[in-house]
Amino acid sequence: MEKGAERLKKIQTPYMSINPHKCKACWECITVCPKQVIGKVGFLWHKHIVFKDSDNCSGCKKCIKICPHGVFNHQ
């Protein structure tokens, strides 16, 4: 898989997309995701979420409902 396509899978699923710049690292979405699709990026000053298994997303929208920062967008 190409690098660009691999990067896109980290911020997009068939149902959702994320804007990692809006993420404040509260990790609420990680706890509500029933399929553990969402993961953390946790460098020293660079903390946000990514889709660690975007193909497993079922589009349940629990992440959208719990996120207080508007990180998620439904496709």
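A polar contact here is a pair of N or O atoms within 3.5 Å; within protein, one of them must be able to donate a hydrogen and the other to accept it, and residues adjacent in sequence count only if both atoms are side-chain atoms. By that rule, the side chains of H48 and H46 are joined by a polar contact of 3.3 Å.

Some ground rules before going on. This is a predicted model, where local features need pLDDT of at least 70 and side-chain atom pairs count only at pLDDT 80 or more, while totals for chains, interfaces and linings use all residues. Residues are numbered from 1 along each chain as its sequence is written, and side-chain values use heavy atoms, with hydrogens and water left out.

**The β2–β3 hairpin**

H48 sits in strand β3; helices (H or I, at least four residues) and strands (E, at least two) are DSSP runs, numbered from the N terminus. H48 is buried, at a relative accessible area of 11%. For that label, buried means under 20% relative accessible area, exposed means over 50%, and partly exposed is in between (1.4 Å probe, protein chains only). What about the rest of the strand? Four of the five residues of β3 (residues 47-51) are buried, so the strand is largely enclosed by the rest of the structure.

The partner is strand β2 (residues 38-42), which pairs with β3 in the antiparallel sense over five bridges; two strands count as paired if DSSP finds at least two bridges between them. Together β2 and β3 make a hairpin, with four residues between them. Going across it, G39 stands opposite V50, and K40 has I49 as its bridge partner in β3.

**Cavities**

Rolling a probe the size of a water molecule over the atoms shows where empty space is left. In this model that turns up two cavities of 30 Å³ or more. A cavity is a set of points, on a 1 Å grid over the protein atoms alone, where a 1.4 Å probe fits but cannot get out, and its lining residues have an atom within 4 Å of a point. Grid points are joined across faces, edges and corners, and the volume is the space filled by probe spheres set on the points.

| Cavity | Volume | Lining by class |
|---|---|---|
| Largest | about 90 Å³ | nine nonpolar, three polar, two charged |
| Second largest | about 60 Å³ | nine nonpolar, one polar, one charged |

For those classes, Ala, Val, Leu, Ile, Met, Phe, Trp, Tyr, Cys and Pro count as nonpolar, Asp, Glu, Lys and Arg as charged, and the others, Gly among them, as polar.

Which residues lie nearest the centre of the largest cavity? Of the 14 that line it, they are C33, C57, S58, G59 and C60. The lining of the second largest cavity includes C23, C26, C29 and C67, along with W27 and I49. I49 is the residue met above as the bridge partner of K40.

**Cysteines without disulfides**

How many disulfides does a search of the whole structure find? Zero, taking a disulfide as a pair of cysteine sulfur atoms within 2.5 Å. C29 shows why: the closest cysteine sulfur, in C23, is 6.2 Å from its own, too far for a bond. C57 is in no disulfide either, with the nearest cysteine sulfur, that of C63, 6.5 Å away. Both cysteines are tucked inside: C29 is buried at a relative accessible area of 7%, and C57 is buried at 14%.

**Loops and helices**

Most residues other than glycine have a negative phi, and most peptide bonds are trans. Two residues here go the other way on phi. W27, not a glycine, has a positive phi of about 65° and belongs to the loop between β1 (16-18) and α2 (28-32). Q36, also not a glycine, has a positive phi of about 50°; Q36 is in the loop between α2 and β2 and counts as partly exposed at 49% relative accessibility.

Helix α2 holds E28, which is partly exposed at 36% relative accessibility. E28 and P68 are 40 residues apart along the chain, and their C-alpha atoms are separated by 8.9 Å. Over in helix α3 (residues 62-66) there is K62, partly exposed with a relative accessible area of 42%. K62 and T31 are 31 residues apart in sequence, with 9.9 Å between their C-alpha atoms.

Methods:
1 Å grid on protein atoms, 1.4 Å probe; cavity = no way out; pocket = protein on both sides within 12 Å on 5 of 7 lines; lining within 4 Å.
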